[in-house]
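Notebook open, structure loaded. I wanted to look at how some helices and strands pack here.

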Amino acid sequence: MLGRTVTHALVGLEARKVEVEAHLQNGVPGLAIVGLADRACQEAKHRVRSGIASAELEWPTRRITVNLAPAALRKEGSGFDLPIALAILAASRQFPPDRLSGHAAIGELALDGRLRPVTGVLAAAEGARKAGFGHLLCAVESAAEAALAGVEPIAARHLAEVVGYLRGEHQPPPLEAPSNGSRRPEVPDLTDVRGQERARRALELAAAGGHNLLLAGPPGIGKSMLARRLPGVLPAMTRDEALEVTRIHSVVGLLSRERPLIDRRPFRSPHHSASVAAIVGGGPGPRPGEATLAHRGVLFLDELPEFQRPVLEALRQPLEDGEIAVARVGGRAVFPARFQLVASMNMCPCGGRGDAGADCQCSAQRLAAFREKLSRALLDRFDLVVALPRPRAAELGGAAGEPSSAVAGRVAAARRRLAGRSLERTDAATALLDRAVERLPLSGRGRARVARVARTVAALADAEAVNEEHVAEALAYRSPRELAQ
């Protein structure tokens, strides 16, 4: 006798359809799982047998072979427990096999038969919908996540409830609409920042145009404080962008049960000891890294020169392409990585360089070694580079700064202008840009980035064209002399 269920395996962020086939035949009782299953999947035989017994269902005393097709696709994780259990129960006719028509399944089984949530349910539910399945059998904790994909989740707490539903004896209660949490997490506000008007202006430009930003200066002057307030002035994500970000966090296992939909732009701040695989993704899977987790949001690298140079160089390609292609012996995956890069750094190892109130004690050799940590190619990918001065006492004790809500309104208006209006450069603005290419160390990429920043400046000013003063302000945000000497 043969029973079949359908589930989905994850390859990177993509869900691949997997048919779970269970065949019962005469012979020495036992269970074998074939189809390139990893160890966690192979161990399902113990969880499934105990779960079926705990649900007071009959374990077939025959030779059982479970095939996970296609056989060439690697299967990873414990999400195959429920599909394997249902295929075995269908093969032994403990419920009508045709009741599984139109249903996919995903979930881990506890030894007492309880259903446990697994990662990647949203991606699996989207795969089920694309394959024509209207229902997904899953754990109760995964129901809200599955509903985001447009399929009807059949949520259960125990294997016995799933079998009761397939027998027509039990009807799961309707899913309540997720509230996505009663309180939204607080975002740091720009009103906390005192002084640093030029840096605040650069932050507004970065938010309006999606530009990469580098903040440099002495320690303790508010570089990290400013960077952490960027998400508060960024525009809200669209529904499609929110689902895209939610899918990524679901696959990695970072999705909150209280907030199944991520509706705020992510802000990732990895430690400088992170490896290349941790930042851009990798592993035997492979799995997404911090750059992908920051997709549609901000990747903040605090103390930029402390990161390993291979890590920084690995970011150059995704900054241009907006995606990361990770190739391993076990497979290849393409991860989205369209993020804003924001970084902070001191201007020398001791931190005194650029500070009028401190003397830099670094030798020429130390300065040379410090500069070598950052390649010119990486610095060229920052649209805005700001050297922050140490604030004065009057600024620190002054009135609170402009709140994020006011800045966010201007940013949203500027983005609408950039999306709906063609801002052409005047002849004077083009002439100034051409002179800058000749007199400054400005590459072709640098010229294009200055032109983009100038368009953002014009959009914030609600100008009809990109004028000479807009290009001049954009040129003022190129690498300062303190980083070049």
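I started with helix H3 (residues 81–91) and helix H6 (residues 159–167) in this predicted model. Their axes come within 12 Å and cross at roughly 50°. An angle of roughly 50° is neither under 35 degrees nor in the 65 to 115 range, so I put H3 and H6 down as oblique to each other. For the hand, I noted that H3 passes H6 in a right-handed crossing.

Next I checked which residues make the contact. On the H3 side I listed Leu82, Ala85, Leu86 and Leu89, and on the H6 side Leu159, Val162, Val163 and Leu166. What is the split into nonpolar, polar and charged in the contact of H3 with H6? I got eight nonpolar residues, no polar ones and no charged ones.

Then I turned to the sheet. Three strands make up an open sheet, and I read their order as E5-E8-E9 with parallel pairing. Which strands stand at the edges? Strand E5 (103–105) and strand E9 (152–156) do; each has a single partner strand, so one side of each has no neighbour in the sheet. Going from one strand to the next, I found a twist that averages 30°.

I also looked at one pair of strands in more detail. Strand E8 (residues 135–139) is joined to E9 by five bridges, and the two run parallel. I marked Ala139, which stands opposite Ala156 in E9.

My last entry takes me back to H6, to see how the helix sits on the sheet. H6 lies across E5, E8 and E9, and I have H6 running at about 130° to E9.

Terms used
Residues are numbered from 1 along each chain as its sequence is written. This is a predicted model: local features need pLDDT of at least 70, side-chain atom pairs count only at pLDDT 80 or more; totals for chains, interfaces and linings use all residues. Side-chain values use heavy atoms; hydrogens and water are left out. Axes are lines fitted to C-alpha atoms, for helices over the stretch in contact, and angles run from 0 to 180 degrees between N-to-C directions. Helices (H or I, at least four residues) and strands (E, at least two) are DSSP runs, numbered from the N terminus. Angles under 35 degrees count as roughly parallel, over 145 as roughly antiparallel, 65 to 115 as roughly perpendicular and the rest as oblique. A crossing is left-handed if the near helix is turned anticlockwise from the far one by less than a right angle, and right-handed if clockwise. Contact means heavy atoms within 4.5 Å. Ala, Val, Leu, Ile, Met, Phe, Trp, Tyr, Cys and Pro count as nonpolar, Asp, Glu, Lys and Arg as charged, and the others, Gly among them, as polar. Two strands pair if DSSP finds at least two bridges between them.
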